[in-house]
Amino acid sequence: MSATAIHFAPGAKARALSGRLLTEEDYRGLMASKDLRDFVDYLRTHTEYGVLFEEPGKIIHRNQVELTLRKHLYDSYEKFFHYYKDAYRGLFKVLFMRYQVENIKLFIRSILRGESFQATEDHLIRSRVYMAMDYDKMAEAVTLAELVEALEGTPYHDLIQVYLEEDSKEQLFFMEMSLDGFYFKHLGQAIEKLQGRDRRLMRELLGKNVDFMNLQWVYRAKKYYGLSPELILNYTLKGGWRYNYPRLKALCYLEDLEEVAREILRSDYGRLLDEGELFIQRNLERGIYRLMGDLVKRGRGTLLVPVATLHFLEYEIHDINSILESIKYGITDPRGYLTREIEERG
Amino acid sequence: MAIETMTLFNLVCERSSLDPILRDLVARGNIALRDAFSDIQESDFGLSTSEDNAAPIIDMSQIHRIPKNDSLKETRGMLREIMTAMAMAGEIHLEDVRGDYAYEETRDLVREVYAEQKELKDRVGILEKELKQIEEFECEDCLEGLSVDFGQLMQLKNFMVKWGRLTSENRQKVIKNYENIPALFIDMGTEAASKTLYLVIAPLELTGEMERILRSLKFIEVFPPVALMGTPAAMKHAFESRKTGLREELAAVKREIREKSQHRLTGLKRSFSRLQMEESLEGLRGKIAVTAHFAYLSGWVPAADKEALEKSLSIYEPGLILTFRNLMELGPKVKVPTRMKNPRWSAPFEELVKMYGIPSYREVDPTGFFAVSYMILFGAMFGDLGQGFVIFLAGLLIRRRKSPAYGGILSRLGLMSMGFGVLYDSVFGYEAIISGIFPGGFYLRPLENINTILFAAITLGILLLYVALGYSIFNKLKQRDLIGGLFGRSGVAGTLLFTALILYVLGLFTGRAWLPPWLLTGVILLTVALIFFREPLGNLVLGQRPLHGETPGEYYVESSFDLFETFLSMFSNGLSFIRVGAFALNHVGLFIAFHTMARIIGTLGGSVAMFILGNLLVIFLEGLIVLIQGLRLVYYELFSKYYEGDGTAFEPHTLTSEVD
């Protein structure tokens, strides 16, 4: 098949999907909801998510809403997966891998917090597309060592086993970085198997994404964890777009945090520190959201369209959950917590 | 070409004789059990109410399922280990599983042998671990030429000393940031980069920091055999002699294990068969209902084996009640499994029939007709004596090496191709060779008789369609589907309509009226009306109410579309077979192209090359296309007329031979 023909069907599918995304009006409508029921009613009557909540008054728990939406996202991924083959399918497989990585992180966090497993269970998306995992056995784990044992036979086992002895507040952080690094490494490898514009654009997307993550990591590691530069540097992800190893190294060995901030503000990724570092995670997501928007405009008829559309969907679902949470905690204006930027009206 | 008749049996036996009976059933290999538990609950279990049967009938109210055998998996695992240690092959001997014995004996024997070998096996584990440690640490001429005593190095008091490996990515990280890392990284190797050993030395007070850095580098620590460390030369020697010692000891311990349990060999061999049997029985037990005293079984057996079964079970009498059930009294809700039974010439084609669906017990096995039609269609499309022979040979080869069924199909198709090749006067694409040897006027060379070929193709198609319609009528009447059989479009009415339409078209072409026009029009109108009103009409005749299964409006809208589709499909089904002729022509056409190319090249070598290339292309590409087209014709044009294929296969329980 020719390069463009590969994306005909999934491209059309992506356009249909992006046509179903929420409008700004919908965001406002959801933010104006008084309570959970109101919120679900709005989803049901005004948005394309309505089909997921068909029975009025049925959904009663916030977690259920979240899980339903996440399953929906996952189904959307799976639909695209079936349109592709060879290298493209390989790439989508790796995209599925992220769900496993995220699941493992959920398990680690819930163990470290000593939480009951049920809370985790509600968030799990069980996919077998990338690799089968024994979630039931993982669910039985009470300690990290047991969790590691449950992961025996998967590539994740070695990634977190080494940190079992790490008894510091950064333990979770290291495990997460290690898992992320693994995921990004595979993503990079999958992208190298693509060709032409698809590869060029995906490389750029991944590279800039990695830059964002690295800068965020360096800043936070310095500010909150006071880690040694060697450690910070070793945990950075490979394959940045503007920040290669020497530039990252220079950044890591800057003595003063102010200097690091200045360097970040000077770069293409200055947005990271908008409104102060409290919003760094949100800014990271907004940055990637914008990046996707830019790349989609340049990448019509390429793999970028489905990939970005799926990410838009993912951010949207993330936002919906944030709005839900803000309703729970009585925050009237949650716009600052959303990835999507909603202008003040008037 | 038939479907084997099946009989349903219900069996009640004493609980104590259940295991021997089950073993017999599995060893017979022609019994498929049904879920007796649900049969009893749905009152489908045949046990006549008589004085003799009183006890089992009363007990029926307390049936439960047999609990799972929890120790089986463990026992099999133990036996597997024992077998590996004793280099035993897993062979099943039927005589070992006959007769009366208890599973517990086998389990206890296996446990006993396992326990008796345990200590020695642990010793093997320890020795192997040490051997592995040395082998992992060793690297060819790594340390050679160094005058360092590594034994002393390992005992440094104020330094952390670690050995290990790095991935190439992380090695780069170390190299690029070496000036900042508070440790010595000494590359020990000349070996393949990923296997290179690193020696890491850092001041003791930096151990915590260094360990974190090593983790961030995914440093894979290797633990050296400290006791054997010294100068490189001394180490080399120490490693070698220790390895030799270890290997000798390992061999000795392994031999000891074998010898220790040698006297149990017969028992262990028997245990293997028995545990395999037990594994098979586990699958069966889920389908059996039991009480404290009785076991209830329900299952299928081919009718031909009925008496043999009765006879073999008679040894368990008294205390055994075996009833055979009449299929008629069971009604349509009981799904009878099917086993196809076909003569040798058509049996391989069962595989292709199964690909579409397994015939249900209440329809005719289509394999025979399938075989005939597929062979003829293939032969007609791909008629060549030489290439047919190649396909025939390929079929024989595949039959022996890979798959008997597919090989069998291919060789039969090849034979048919050869037959048509003679008719078409074609050997490897050369016409006139056969007719040169055996002159005569009966050859039908496709390109010289284009119209005949195409016309014959359609005629063949129509004939096949008639057979399919015949099957359809027979099946429907057999299943008591009178409406479909008589008034349906693949029933009698449809067949009449098809005939009338053929005669009408024939009349148009030949200009001759084959039937009086009024009769023809009459038949067409009548059959169309029958098909259109088939449901209400049929229900009226049968005296069933309501007349329409759905609302009349819906029915007639649906029925008119159905009618439209009937016409369309009769037209297209018939014409579809034109491809048979087209492929026969195409086959010759391709060769003309290759002959022309050979002539253009003009040399002997060129001709030979073209001959080989042409034949290869035709056999592989066209052969494949024709295989598929033939299958498509049979599946789509013929099967869709009469074959449902929604049966379930008869899968008798047999002894598992897989070890796990």
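## A strand, a helix and an interface

In strand β10 of chain B, Gly299(B) is the bridge partner of Leu33(B), and this pairing is a convenient place to enter the structure, which is a predicted model. Leu33(B) belongs to a pairing in which strand β3 (residues 32-34) of chain B is joined to β10(B) by 3 bridges, the two strands running antiparallel. Another partner is strand β2 (residues 6-14) of chain B, which also runs antiparallel to β10(B) and is joined to it by 9 bridges; within β10(B), Trp300(B) is the residue that stands opposite Leu8(B). Strand β9 (residues 289-290) of chain B adds 2 bridges to β10(B), again in an antiparallel arrangement, with Ala289(B) and Tyr296(B) as bridge partners. Between β9(B) and β10(B) there are 3 residues, and the two strands form a hairpin.

How many of the residues of strand β10 of chain B are buried? The count is 9 of the 9 residues in the stretch 294-302, so the strand is largely enclosed by the rest of the structure. In a regular strand, side chains alternate between the two faces of the sheet. In β10(B) both faces are covered, since Phe294(B), Tyr296(B), Ser298(B), Trp300(B) and Pro302(B) are buried on one side, while Ala295(B), Leu297(B), Gly299(B) and Val301(B) are buried on the other.

From this strand we can turn to a helix of chain B, α9(B), of which 7 of the 10 residues are buried, so that this helix too is largely enclosed by the rest of the structure. Its buried residues are Thr207(B), Met210(B), Arg212(B), Ile213(B), Leu214(B), Arg215(B) and Ser216(B). What do they pack against? Within chain B, the buried residues of α9(B) pack against β5 (159-165), α8, β6 (184-187) and β7 (198-203), and in chain A they pack against α10 (171-192) and α12 (229-235). After α9(B) comes Lys218(B), whose phi is positive, near 55°.

The helix thus leads to the interface between the two chains, where 14 residues from chain B and 22 residues from chain A take part in the contact. Together the chains bury about 1600 Å² between them, and 48% of this area lies on carbon and sulfur atoms. Of the area that chain B buries against chain A, 39% is supplied by Lys173(B), Arg212(B) and Arg215(B), more than by any other three residues. Across the interface the rule finds 9 residue pairs in polar contact. Two elements of chain B, α8 (168-176) and α9 (207-216), give two or more residues each to the side that touches chain A, and the largest share, 5 residues, comes from α9(B). Sorted by class, this side of chain B has 8 charged, 3 polar and 3 nonpolar residues. The rule finds 1 salt bridge across the interface, in which the side chains of Lys249(A) and Glu179(B) meet at 2.5 Å, N to O.

A last stop lies in chain A, where Ser267(A) is found in the loop between α14 (257-266) and α15 (280-298). Is Ser267(A) buried or exposed? Its relative accessible area is 16%, and because buried means under 20%, Ser267(A) counts as buried. The side chain of Ser267(A) reaches the backbone oxygen of Ile264(A) at 2.7 Å and the backbone nitrogen of Tyr269(A) at 3.0 Å. When its neighbours within four places in sequence are left aside, Ser267(A) is in contact with Leu215(A) and Tyr243(A).

Notes
Residues are numbered from 1 along each chain as its sequence is written. Chains are lettered from A and ligands numbered from 1 in the order in which they are written. This is a predicted model: local features need pLDDT of at least 70, side-chain atom pairs count only at pLDDT 80 or more; totals for chains, interfaces and linings use all residues. Side-chain values use heavy atoms; hydrogens and water are left out. Contact means heavy atoms within 4.5 Å. Buried area is the accessible area (1.4 Å probe) that two parts lose on being put together, summed over both. A salt bridge is a side-chain nitrogen of Lys or Arg within 4 Å of a carboxyl oxygen of Asp or Glu. A polar contact is a pair of N or O atoms within 3.5 Å; within protein, one must be able to donate a hydrogen and the other to accept it, and residues adjacent in sequence count only if both atoms are side-chain atoms. Helices (H or I, at least four residues) and strands (E, at least two) are DSSP runs, numbered from the N terminus. Ala, Val, Leu, Ile, Met, Phe, Trp, Tyr, Cys and Pro count as nonpolar, Asp, Glu, Lys and Arg as charged, and the others, Gly among them, as polar. Buried means under 20% relative accessible area, exposed over 50%, partly exposed in between (1.4 Å probe, protein chains only). Two strands pair if DSSP finds at least two bridges between them.
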